[in-house]
Amino acid sequence: MSSLWIQILVTIVLVVLLGRSSSAVSVRYDSHGIQINGSTKLILSGSIHYPRSTVEMWPELIRRAKEGGLNTIETYIFWDRHEPRRREYDFRRNLDFVKFFKKIHEEKLYAILRIGPYVCAEWTYGGFPMWLHNTPGIELRTDNEIYKSEMQTFTTKIIDMAKEAKLFAPQGGPIILAQIENEYGNIMEGYGDAGKRYINWCAQMAVAQNTSVPWIMCQQKDAPETMINTCNGFYCEKFTPDNPNSPKMFTENWSGWFKLWGNKDPVRTPEDLAFSVARFFQTGGSLNNYYMYHGGTNFGRVAGGPYITTSYDYNAPLNEFGLPNEPKYSHLKKLHEAIMSAESFLTLSPVTTQNITTNVTLTTYRSINGDSFCILSNIDYLNDTIVDVGNSKFFLPAWSVSFLNGCTNETYNTAKVNSQTQVFEMKTEKHEKHTKLKWAWSPEAINDTLNGNGKFKAIQLLDQKEATSDASDYLWYMTSFENNHTSWKTATLKIGSFGNGVHAYVNHKHVGTWFSMQTDLPRLNDTDEYSFVANTSITLKHGTNIISLLSETVGLANYGTKYDLKPTGLSGGFVKLIVDNSTTIDLSSSKWSYKIGLNGESKQIYKPKSHYAKWNHTYEIPTNRSLTWYKTTIDSPSGSHPVVLDLQGMGKGHVWINGKSLGRFWPSQIASSDGCNTTCDYRGPYSPDKCRNNCGNPTQRWYHVPRSFLKNDKEPNTLILFEEVGGDPSKVKFQLVKVKTVCGLANENNTLELSCQSGQQISEIQFASFGDPEGTCGSYKKGSYEATQSVEVVEKYCVGKESCSLMVTNSLFGVEKGGFVGSKLGVQAVCS
């Protein structure tokens, strides 16, 4: 080979090597924060769980997170989805976590890998696969060799895949932190000394993976020295790492809260969430992760709890469909800009803290060249205050934090929201309003189970999750009773259940249906709010009486000390007959036959091309009929707006579109009509019961249909419903999620920004007032004074545009200098 060719090859090799090394970074840490290539960085992160959206949604979710000011994305890894059966792995479609991290990297963002592999996350069974629970001799999350071996095998599998794809930052990838275990410190006491041995083993096993990035353990006060212990909660400003060399990290700042069937919607205000973040950084924090930044959807049967809804919106900065949740999204974006503009001060500068009053604290940062930056906080629940800082005075609302550039100029205050609010509407396309869907129907075949014919038997009431291996929400329990007394004509059937519902049949006749949390049902166990005792009168015949009970779960428990051992179904409960109000016959230890799931499930009739379904095509479809399958075809909505399925009129069940599960539905669960807030006082500590909305409405009426689940315009979609308790499918329809109204409220000398989405334009200004407008979006009204040109000015800047912005000043509205002091502009506009 000639010397010229040798030089060319050497050059190519050097270019490749240099290219790799230039993107690879070192990740270290000290008490000030994470150091990337020796430079201390503030981390603004958000949780986006890849299985709770679709592959097609990932790029836009990540892009919007970046535009919102985040520099990092965090996710769990979900063991039950990736290894549903032992050593059988699934990393396809939206389970392709490698692809998800690569999408993060393409946006030049960092990533946090939370392996767990216990995840909590309101995910069924905390993310553990059921085969793990059913492994002989195993004890989960403790010093048990069988469990530790399985946990290590899965953890190593994930780490090896990440290494092979070069996902860790020292390899040139995005991952800068990894987590092992999850909130174990909250429940470790219940495991005794074995729990402490287990957590030490977790740390050793994790470090031995040689990822070259730091490992974290959240909510683990006594974490081994090789781990960074971190904080989860609504507020973490008082948190201090157990190791003085570790940075102060907030791995789960709960941006809202999850929703339960039958409950109202929890709301955490943007003012309070911003306050929590700002206080955390004021007290030395280095990493804040929003749990969740995008909550998404619990497709299939992944929702845990029990009773977690299919929507996992979480009142996050990005809503379930991936759209900005305003004003939370933009208010936090401005907070992130204020934080990052002061990164050099917050990470490197000497700090002094002055308690001006009991509730007011001034934190001052000074650089070596004499520049300064201040954070001013007021933790008083009720009282605003005026604070002197140097030669300047600052109005500091209650429960707020101000960022002061140069300690003289307020650049941000957590309580002063200058971002738009928007009202979404679920809108039916015009041509769809008069289109009546043609439904076919098929009854769930239950003759076999009403006759007591099962697939296996036991002389006891089996645990439902163990018997089904979580293959279905449903398990049939069947037994018989010999009545040799001619006088026994009636009896009371009494059922004690740790499941979430029971449909009872006696001698082929339906005798009752009950669900957890019904106010008229007593609990089977006072410590388990989802357990219940139900009873009903039944008719007995002479001879053999067949009792068939269809037990169900609505997501499995996902949190608590030894939560994995909680009984489900009728296990731990009872089935009794009470005759003549005096004789009790306990059938719990009788011979029971069992059948897993529904016949329709086993035959997969939810698939469009299933050959097993026998559909009835009748002019009038039966309604309010339990245990019934419905099928129709429906065209895809045009455009790019998010699509939802309106299931008002249906009872409870499961829904599929083109064979893909949208999840459980239960619109007949209505939230109580009291306890909601027209406005929410952000001041004071937040809890999920503090601010609620959606009173008196179905807990969840609309169900997300990702565009990628739908077929093209020329081919109809197959929609299949399983209705469990009775409903009316004639009301079912697709709708589009559109912005109906946008509102903005901006203080003087601040910018007001309005934006419609997905190509919509501002068509009308319904309200505009520069002065002291009152009310909130949808109920604005003029205050005691206003500029007469308010509407005309806003129309000039905004009408006919997808978005607009204007600096709110006296001069803009024709007010003489000094005329209006401390005024604000309120605007309400229509998008169309």
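Biologist: Where in the chain is confidence lowest, and where is it highest?

Modeller: This is a predicted model, so start with pLDDT, the predictor's confidence in each residue. Here helix 1 (residues 3-23) sits at the bottom with a mean of 45, while strand 4 (residues 43-48) tops the chain at 99. Over residues 3-21 the pLDDT is below 50, and that stretch has two contacts in the model beyond near neighbours in sequence. As for the chain, its mean is 94, with 96% of residues at 70 or more.

Biologist: OK, now strands. Which way do the residues of strand 8 point?

Modeller: Look at the side chains one by one. In strand 8 (residues 215-218), Trp215 and Met217 point one way, Ile216 and Cys218 the other, and all are buried.

Biologist: And what does strand 8 pair with?

Modeller: Follow the bridges on each side. Strand 7 (residues 175-180) runs parallel to strand 8, joined by two bridges; Gln179 has Ile216 as its bridge partner. Strand 9 (residues 227-233) is also parallel to strand 8, over four bridges, with Met227 partnering Trp215. Strand 7, helix 7 (residues 192-207) and strand 8 form a right-handed β-α-β unit.

Biologist: Last one: which residues have the most contacts inside the largest nonpolar core?

Modeller: In soluble globular proteins, nonpolar side chains tend to be buried together. The largest core here has 151 residues, and Leu335, Phe403 and Leu721 have the most contacts inside it. Setting aside neighbours within four places in sequence, Phe403 touches, among others, Ala278, Leu335, Ile339, Phe373 and Tyr412. There's also a second, separate core of 31 residues, including Leu462, Ala491, Leu493 and Leu549.

Conventions. Residues numbered from 1 in each chain as written. Predicted model: local features only at pLDDT ≥ 70, side-chain atom pairs only at ≥ 80, totals over all residues. Heavy atoms only, no water. pLDDT = per-residue confidence, 0-100. Contact = heavy atoms within 4.5 Å. Buried < 20%, exposed > 50% of the residue type's maximum accessible area, 1.4 Å probe, protein only. Pairing = 2+ DSSP bridges. Right-handed = clockwise from strand over helix to strand, strands pointing away. Core = buried A, V, L, I, M, F, W, Y, C linked by side-chain atoms within 4.5 Å.
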